[in-house]
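Colleague: I have the file open. Can you walk me through it before I set anything up?

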Amino acid sequence: VSTQSTGDPLKLDSMESKARLVLYTIKDSFGDLVESVAKYLLLFGKSTINELRKLENLTVDQIKDSLIIGIQHNFINFEHKSTGFLEQNSASKVYYSLVPENVILRYRIVKILQYVKDKYGEQVCLYVFKQLVVNKCTLSIFSNFFSFFV
């Protein structure tokens, strides 16, 4: 990729660094198979399982297992789209996409929780932890929540 096409080499380097960090984090936490699926989604965007089958080194079951892991850990989203409207022969597709911000959140969550504990107490910290990890809320939801206390 040429830096001349973007006009801003710092932005390109930043995007490449972010992509490398996301893929390294996924590989380190979940292994090579999940990283392969995440890399495909990062490069090609929203994809169906049929499109993900282009990954030569993975079986369909391995792709499905990798997607399930990503969905459970909130860094892969899915979207169901139907091609017909209430027709018997209407086909539907499920598109999967990677959410890089939620992968990077894994690095920041410890600092965030320590800040919340110091500023608001242990009960609020436990609540935030539960919302971020168990209920899969994103950090943007909490930015509005904490703005009331500032």
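Modeller: Start with phenylalanine 44: this residue is exposed, with a relative accessible area of 55%. Keep in mind that this is a predicted model.

Colleague: What does phenylalanine 44 form an aromatic pair with?

Modeller: With tyrosine 40, in a tilted arrangement: 4.6 Å centre to centre and 40 degrees between the planes. Both residues lie in helix H2, 4 residues apart, about one turn of the helix.

Colleague: And tyrosine 40, buried or exposed?

Modeller: Tyrosine 40 counts as buried, because its relative accessibility is 10% and the cut-off for buried is under 20%.

Colleague: How many aromatic pairs are there in the structure?

Modeller: The structure holds 2 aromatic pairs. In the one between phenylalanine 30 and phenylalanine 75, the ring centres are 5.3 Å apart and the planes are at 35 degrees, so this pair is tilted.

Colleague: Where do phenylalanine 30 and phenylalanine 75 lie?

Modeller: Phenylalanine 30 is in helix H1, while phenylalanine 75 is in the loop between H4 and strand E1 (76-82), so the pair ties together parts that are 45 residues apart in sequence. Phenylalanine 75 has 1% relative accessibility and counts as buried.

Colleague: Any charge over a ring?

Modeller: Lysine 81 lies over the face of tyrosine 95, 5.6 Å from the ring centre.

Colleague: Back to H2. What span does H2 have, and which of its residues are buried?

Modeller: H2 has 13 residues and reaches 18 Å from its first C-alpha to its last, close to the 18 Å expected at 1.5 Å a residue. The buried residues in H2 are Val34, Glu35, Ser36, Val37, Ala38, Tyr40 and Leu41. Just after H2, glycine 45 takes a positive phi of about 80 degrees.

Colleague: Now the largest nonpolar core. Which residues touch the most other members?

Modeller: Ile26, Leu41, Leu52, Leu67 and Leu98, out of 20 residues in that core. At least two core residues come from each of these elements: helix H1 (9-30), helix H2 (32-44), helix H3 (49-52), helix H4 (60-72), strand E2 (92-98) and helix H5 (100-120). H2 gives the most, with 5 residues.

Colleague: Is that everything, core-wise?

Modeller: There is a second, separate core of 8 residues, including Leu105, Ile109, Leu113 and Val116.

Colleague: What is leucine 52 in contact with, leaving aside neighbours within four places in sequence?

Modeller: Leucine 52 is in contact with Val37, Tyr40, Leu41, Ser47, Ile63 and Leu67.

Colleague: Then leucine 67. Where does it lie, and what does it touch?

Modeller: Leucine 67 lies in helix H4 and counts as buried, at 2% relative accessibility. Not counting residues up to four places away in sequence, leucine 67 touches Val37, Leu41, Ile49, Leu52, Ile76 and Tyr96. Leucine 67 and leucine 98 are 31 residues apart in sequence and 9.8 Å apart in space, C-alpha to C-alpha.

Colleague: What about confidence? Which element has the lowest mean pLDDT?

Modeller: Helix H7 (residues 139-147) has the lowest mean pLDDT, 62, and H2 has the highest, 96. The protein chain averages a pLDDT of 81, and 75% of the residues score at least 70.

Colleague: Where does pLDDT stay under 50?

Modeller: Over residues 1-10, for which the model has 6 contacts beyond four places in sequence. Where pLDDT is low, the predicted coordinates should not be read in detail.

Notes:
Residues are numbered from 1 along each chain as its sequence is written. This is a predicted model: local features need pLDDT of at least 70, side-chain atom pairs count only at pLDDT 80 or more; totals for chains, interfaces and linings use all residues. Side-chain values use heavy atoms; hydrogens and water are left out. A nonpolar core is a set of buried Ala, Val, Leu, Ile, Met, Phe, Trp, Tyr and Cys residues joined through side-chain atoms within 4.5 Å. Buried means under 20% relative accessible area, exposed over 50%, partly exposed in between (1.4 Å probe, protein chains only). Contact means heavy atoms within 4.5 Å. Rings of Phe, Tyr and Trp (its six-membered ring) pair if their centres lie within 6.5 Å; planes under 30 degrees apart count as stacked, over 60 as edge-to-face and the rest as tilted. A charge sits over a ring if NZ of Lys or CZ of Arg is within 6 Å of the ring centre and within 35 degrees of the ring normal. pLDDT is the predictor's confidence in each residue, from 0 to 100. The expected span of a helix is 1.5 Å times one less than its number of residues.
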